[in-house]
Amino acid sequence: MARSLVIKVTAGMESPERCNQAFTVAAAALASGVPVSLWLTGESAWFALPGRAKEFTLPHAAQLGDLLDAVLATGKVTLCTQCAARRDITVDDVIEGVRIAGASTFVEEILGEGVQALVY
């Protein structure tokens, strides 16, 4: 069975290098043919909203909006249920292709056979 990658990103604009690294690793893995599930939690939850990733900039780094688009095109992007609720984000607010799911779904994903989980 092929390995897959679940990446949980907790950082947002307050920790730009850590945040960008998570999206970069997700896009690089997908480009290498590795299935990826990217979880937006904590302050990264804001990137589930249209246009927010395009506002993020970090010198000498790929544009976050482009990285998110790459993950949406061939991977899965999930917004944490509790993180969304704390920010009053609903399913009607998020970018097309972003699902909202909770801890039980995250646990199910990371306990799958051949799964590697990373947290940023």
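## A tour of the chain

Start with the whole chain: with 120 residues, a compact globule would have a radius of gyration near 14 Å, and the 13 Å found here agrees. That radius is taken over C-alpha atoms, and the globule rule is 2.2 Å times the number of residues to the power 0.38. This is a predicted model: local features need pLDDT of at least 70, side-chain atom pairs count only at pLDDT 80 or more, and totals for chains, interfaces and linings use all residues. Residues are numbered from 1 along each chain as its sequence is written, and side-chain values use heavy atoms, with hydrogens and water left out.

Switch to cartoon. You will see five helices and five strands. Trace them along the sequence: β-α-β-α-α-β-α-β-α-β. These are DSSP runs, numbered from the N terminus: helices are H or I with at least four residues, strands E with at least two.

Now colour by burial. Buried residues are 42% of the 120. Buried means under 20% relative accessible area, exposed over 50%, partly exposed in between (1.4 Å probe, protein chains only).

Select helix H3, residues 64-74. Leu64, Gly65, Leu67, Leu68 and Val71 are buried there. Look down the H3 axis: its buried residues fall within an arc of 160°, so they line one face of the helix. The arc is that of the directions from the helix axis to the C-beta atoms. On the other side of H3, find Ala73 and Thr74, both exposed.

Next, show what covers the buried residues of H3. The cover includes helix H1 (16-31), strand S2 (36-40), helix H2 (52-55) and strand S3 (76-80).

Conventions:
Contact means heavy atoms within 4.5 Å.
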